[in-house]
Amino acid sequence: MPREDGLPPGTLNMLILRVVASRPLHGYAIAQRISALSSEELSVEEGSLYPALQKLLLKGWVKAFPAISETGRSVREYQITALGKKALEAELNAYRRVNLAINAVLDMA
Amino acid sequence: MTKLAEWMRQIWYLLNRRRFEEALRLEMEAHRESMAQPKRFGNPLHLREQSRDVWGLVWLDDWRRDFRLAARQMRRAPGFALTVIVTLALGFVLATSTFAVVNAYLIRALPYPESDRLYHVRYAPQGRPEPRGMSRMDFRELADVVELADSSLLTRFLVNNGAAGRDAQCLMVSQGSMEMLGVRVVAGRPLELADFQAGAEQVALVDPVWWKSHFGEDGSPLGRTFRASRLNIAEPEETYRVAGVLPPEFRYARELRRGTVPIVIPLRVPAQSYFVRLQGGVPVEAAEKRLTEAARRIATSIPAQWNGIRLEPARERFIAEVRPMLTAMGTAAGIVLLTVCVNIAVLMLLRSMRRQKEIAVRHALGAGRSQILRMVAAEALLLCGGALAIGLIVSRAVLGWLAPAIESQLGLAAPGGAEAIGLDGTVYAAAAGCSLLIAVLLSFVPLLAQRQERLAESMQAGGRGGAGNESSRWVRYALVTVEVAASLALLAGSGLMIRTVMNLVGTDLGMSMENVVRARVALPMRTYPEAATFGPFYERLVYRLSNERTPFALANFILLYEAPKQTMEVEGAAAQRGGLLAISDGFIELFGMKVFAGRGFDAGDRAGSEPVAIVSESLARRTWPNSSAVGKRIRTADQPVPDSPLTVWRTVVGVVRDVRQTHTDLDLNDIYIPFAQAPSRYAQLFLKTGKPVSEWKKVEAMAAAIDPQVQISSDFPARTALEHEVSKLLAGPRFLMSSLTGFAAFALFLSVLGIYGVAAFAAHQREKEVAIRMAVGASRGDIVRLFLRESALVLGVGVLIGSAGAAVVAGLLRTQIFGVQPFAISAFLAPAVLIVGAGLVATLLPAQKAAGKSPLVALHGECP
């Protein structure tokens with residue numbers, strides 16, 4: 001059972017893709033980065049993060065490779081693929097469209 | 001495309017599950033340790049499982065786990081697993097091997113292109129006259145129904161090799177027939193259109209093995225020439241050039257029974273077609289109708305009451321004789337497999353009842369009905385799969401080893417050769433399908449016994465001490481009843497065959513065949529055009545043979561073969577039907593036939609002397625019940641030809657003991673005439689000798705000295721001892737008897753095992769009930785009777801149902817039995833007594849054990 005993390009449904013994949021799009025990151029770093037960038041407003045729980053990562057791996061949107069972390073541990077870093085970039089693009093467009101629509105409704109009603 | 005890639009990745013994950021799981025674990029570990037408050041990281045195992053579920057194919061993993069569990073269960077109870085696998089594997093071996101034989105003969109297509117469209121053309125029923133002029137049938141007009149027509153003729157060819165001639169089978173093949181039958185030459189060229197033109201050079205296709213044995217020459221026969229003529233036609237020898245080499249063991253598809261054909265030549269004259277390939281999709285009835293219409297149009301004469309042309313499937317014509325036998329064997333094997341399955345169902349049922357505690361715990365821990373079913377199914381699949389693998393491997397070996405023996409036992413080569421008796425796609429598919437079905441059925445068996453028990457209840461030692469719930473008890477008894485019924489059906493069938501074989505073996509043929517060997521004598525038409533020329537040859541042969549000490553005899557008929565009967569006209573009495581046989585004067589002594597009245601033939605009964613006859617005891621008694629046959633006059637009345645040796649009035653000079661041609665020959669009315677008074681083109685020569693090889697050499701030399709053209713034939717019937725041929729006549733029934741008896745014994749063993757298992761289980765379950773009964777005064781006898789009564793009920797119902805099954809088996813065997821009534825009470829009684837007796841003994845052991853236990857010990861578990 002994933003814990004409540006305050007994320008609108010369906011946006012976790014997009015966030016993960018977006019943060020690994022700038023540079024390869026390992027799991028903990030992804031969670032940290034999402035949290036930091038959102039000024040700790042959004043927190044990604046492990047219970048959601050790892051299943052989501054596995055899903056992205058299966059879809060071929062990210063790929064994993066072994067690396068050494070800043071603290072010297074061997075970790076798996078995730079890097080976005082060409083397919084992932086395309087998917088991110090599509091998701092961002094869809095998200096922005098929906099977001100605009102929702103905002104329009106909220107503002108006008 | 002991306003979906004496909006995703007699936008591929010899924011499979012890749014599945015295959016490398018361990019590695020990926022480990023990576024995930026390390027990754028999460030690292031994550032946890034990096035956290036400020038590692039405790040906030042959830043349950044790692046649970047998280048890992050959640051992530052893993054994303055990989056999909058969870059059900060596959062579940063099955064894998066269940067299979068591993070099943071394998072562990074088997075290791076824990078190896079006795080059970082072993083019993084199930086061994087009995088099921090044995091059942092599979094029996095069923096698969098039998099099915100492979102049935103498949104080879106009855107199911108597999110003949111080895112010819114489009115063989116399911118090949119039909120034998122029957123212009124009239126067997127033994128009835130055919131319409132005349134059928135060789136003019138124009139099949140081009142029938143092209144809408146008949147694709148190809150074959151008018152090839154199988155004939156005997158007398159091939160001149162300079163020495164004493166030996167004839168060989170020769171196929172005069174009609175144009176296009178070799179292509180229709182898919183025969184390809186292995187060297188040289190096939191027959192071409194020009195070869196069929198009158199006046200062209202005569203060519204032949206030959207078998208190199210025959211060529212070598214006939215001419216004693218090594219090397220390819222291609223391009224060589226030989227001179228030959230047909231044995232039964234007065235034609236001059238012609239020269240043939242070998243144009244191509246036949247494939248080994250070539251046989252003519254329409255006459256598969258006639259054996260290999262070493263020579264093929266083109267047929268240049270129109271002949272009647274007896275073999276056709278229909279156009280695809282044409283119903284047989286439609287083709288029959290069209291052929292019959294065409295026949296009526298072109299016939300020069302049509303016999304009275306002619307019912308038209310019938311088409312017989314090519315394979316049917318070949319296998320019709322073995323079909324009843326194979327059907328019976330296939331059915332028996334099916335019943336055996338059923339018994340095996342039922343027996344295993346009983347075992348699994350008992351076992352699952354013993355496992356009720358474990359299952360109740362699983363239920364309590366949250367396993368649903370479907371999970372339990374999957375667990376049981378995994379076990380059943382594993383058992384069936386193991387048994388199937390063993391069964392197939394063993395069947396393969398057994399068939400490879402026994403195929404030639406099976407062919408000779410059935411008396412018929414498999415249409416596709418001995419290799420065809422093996423495991424092909426059909427057999428594999430049937431075996432796999434069958435085992436899957438069994439596994440599925442077995443998976444549901446334990447559910448029958450399942451009661452939705454409360455955990456506490458089944459955790460109590462032995463429950464409430466009852467004998468299981470009512471419904472599961474009925475299931476057990478019903479299963480054992482089926483076993484008993486199936487065994488009874490098989491036992492009854494095997495009993496019928498045992499008595500048949502005993503009757504056959506006990507039948508006295510009335511002739512002693514000890515040390516008698518035989519060969520066929522054939523006088524070629526070219527040098528012996530008419531009957532008048534036969535006598536002198538045989539006189540000279542008999543003269544030379546008489547100078548040797550070896551007893552010999554001549555006859556005009558093939559021994560061990562029921563000849564058609566003829567009508568005999570009797571002077572001063574009603575006409576009779578009987579067999580007409582010409583024998584030389586040594587025949588009666590050679591075969592030890594007893595002369596009851598008058599005399600046998602002697603050297604005085606020659607051509608030109610008074611026409612005489614000898615009649616069999618039965619014919620004499622029937623024709624002249626009140627007086628002696630000797631001195632009476634008789635002649636054949638069928639198709640009387642004036643002055644023919646067969647139709648003159650003959651005086652009866654003796655009465656001999658009845659003789660049977662086969663073990664099932666029931667018509668013993670025979671009339672014998674002297675061979676010298678009715679010599680024939682084809683004859684059988686018999687020698688009574690312990691040294692057949694050297695004796696035949698001498699006889700061949702003698703015949704060659706008289707006329708090298710005369711055939712003392714070696715290939716048919718083979719120069720084997722008659723005793724051997726007689727025992728071969730019984731090979732079929734013996735084979736059926738031994739297989740059925742084997743099947744029945746196995747089934748009986750299994751059902752006794754089943755009865756024992758159920759009784760032992762009941763005794764164990766009812767331990768406390770028995771103890772209470774004994775404590776309140778029941779004697780040991782009472783207790784034993786209690787168990788016997790239950791078994792007796794099962795056995796009684798099983799026997800009742802089994803009798804119906806036995807009647808079905810007897811019906812299948814109807815044409816295979818001899819001297820027994822298929823539905824006689826006695827045929828059912830003995831097996832029923834056997835099975836009831838065995839069943840009661842199997843109950844007695846556990847019942848006595850239960851009765852022998854002290855009530856104190858049995859009840860101890862419930863005492864505080």
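A residue is called buried when its relative accessible area is under 20%, exposed when the value is over 50%, and partly exposed in between. In this predicted model, E571(B) has a relative accessibility of 40% and therefore counts as partly exposed. The residue lies in the loop between β14 and β15 of chain B, and R633(B) lies in strand β18 (residues 633-636) of chain B. R633(B), at 31% relative accessibility, is likewise partly exposed. The two side chains form a salt bridge, with an N to O distance of 3.3 Å. Because of where these residues sit, the pair ties together parts that are 62 residues apart in sequence.

The strands on either side of that loop are paired with one another. Strand β14 (residues 566-570) of chain B runs antiparallel to β15(B) and is joined to it by three bridges, with T567(B) standing opposite R577(B). The hairpin has five residues between its strands, and G572(B) adopts a positive phi near 75 degrees there. β15(B) also pairs with strand β20 (residues 670-674) of chain B, in the parallel sense and over five bridges. In this pairing L581(B) of β15(B) has Y672(B) as its bridge partner. Seven of the eight residues of β15 (residues 576-583) of chain B are buried, so the strand is largely enclosed by the rest of the structure.

A separate open sheet in chain B contains four strands in the order β2-β10-β1-β11, with antiparallel pairing. Its edge strands, β2 and β11 (310-313) of chain B, each pair on one side only. From one strand to the next the twist averages 35 degrees. Between β2(B) and strand β10 (residues 275-278) of chain B there are four bridges in the antiparallel sense, and V146(B) is matched with L278(B) in β10(B). Helix α8 (residues 284-298) of chain B lies across β1 (118-122), β2, β10 and β11 of chain B, at about 140 degrees to β11(B).

A salt bridge is also found between D144(B) and R290(B), whose closest N and O atoms are 2.7 Å apart. This pair links distant parts of the chain, since D144(B) is in the loop between β1 and β2 of chain B and R290(B) is in helix α8 of chain B, 146 residues apart. D144(B) is partly exposed at 46% relative accessibility, and R290(B) is partly exposed with a relative accessible area of 25%. The loop between β2 (146-150) and β3 (153-160) of chain B holds S151(B), which is buried at 10% relative accessibility. Leaving aside residues up to four places away in sequence, S151(B) touches S174(B), S177(B), L267(B), A271(B), Q272(B) and S273(B).

Over all chains the count comes to 41 salt bridges. In one of them, E725(B) and R518(B) have their closest N and O atoms 2.5 Å apart. E725(B) belongs to helix α20 (residues 722-729) of chain B and R518(B) to strand β12 (residues 516-522) of chain B, so this pair ties together parts 207 residues apart in sequence. E725(B) is buried, with a relative accessible area of 16%, and R518(B) is buried at 2% relative accessibility.

E235(B), in the loop between β7 (225-230) and β8 (238-245) of chain B, is buried with a relative accessible area of 16%. Its C-alpha atom is 7.8 Å from that of M525(B), although the two residues are 290 residues apart in sequence. Apart from residues up to four places away in sequence, E235(B) touches S229(B), R230(B) and R526(B).

Helix α24 (residues 825-852) of chain B has 28 residues, which at 1.5 Å a residue should span 40 Å; the end C-alpha atoms are 40 Å apart, in agreement. Buried residues in α24(B) include A827(B), F828(B), P831(B), I835(B) and G839(B).

In chain A, three strands form an open antiparallel sheet in the order β1-β3-β2. β1 (25-26) and β2 (62-68) of chain A each have a single partner strand, so one side of each is left without a neighbour in the sheet. Two bridges pair β1(A) with strand β3 (residues 74-80) of chain A in the antiparallel sense, L25(A) being matched with Y78(A).

The contact between the chains takes 23 residues from chain A and 24 residues from chain B. Together chain A and chain B bury about 2100 Å², 55% of it on carbon and sulfur atoms. On the chain A side, Y28(A), Y50(A) and L58(A) lose the most area to chain B, together 33% of what that side buries. One salt bridge is counted between chain A and chain B: E27(B) with R76(A), the closest N and O atoms being 3.0 Å apart.

Key. Residues are numbered from 1 along each chain as its sequence is written. Chains are lettered from A and ligands numbered from 1 in the order in which they are written. This is a predicted model: local features need pLDDT of at least 70, side-chain atom pairs count only at pLDDT 80 or more; totals for chains, interfaces and linings use all residues. Side-chain values use heavy atoms; hydrogens and water are left out. Buried means under 20% relative accessible area, exposed over 50%, partly exposed in between (1.4 Å probe, protein chains only). Two strands pair if DSSP finds at least two bridges between them. The expected span of a helix is 1.5 Å times one less than its number of residues. Contact means heavy atoms within 4.5 Å. Axes are lines fitted to C-alpha atoms, for helices over the stretch in contact, and angles run from 0 to 180 degrees between N-to-C directions. Buried area is the accessible area (1.4 Å probe) that two parts lose on being put together, summed over both. A salt bridge is a side-chain nitrogen of Lys or Arg within 4 Å of a carboxyl oxygen of Asp or Glu.
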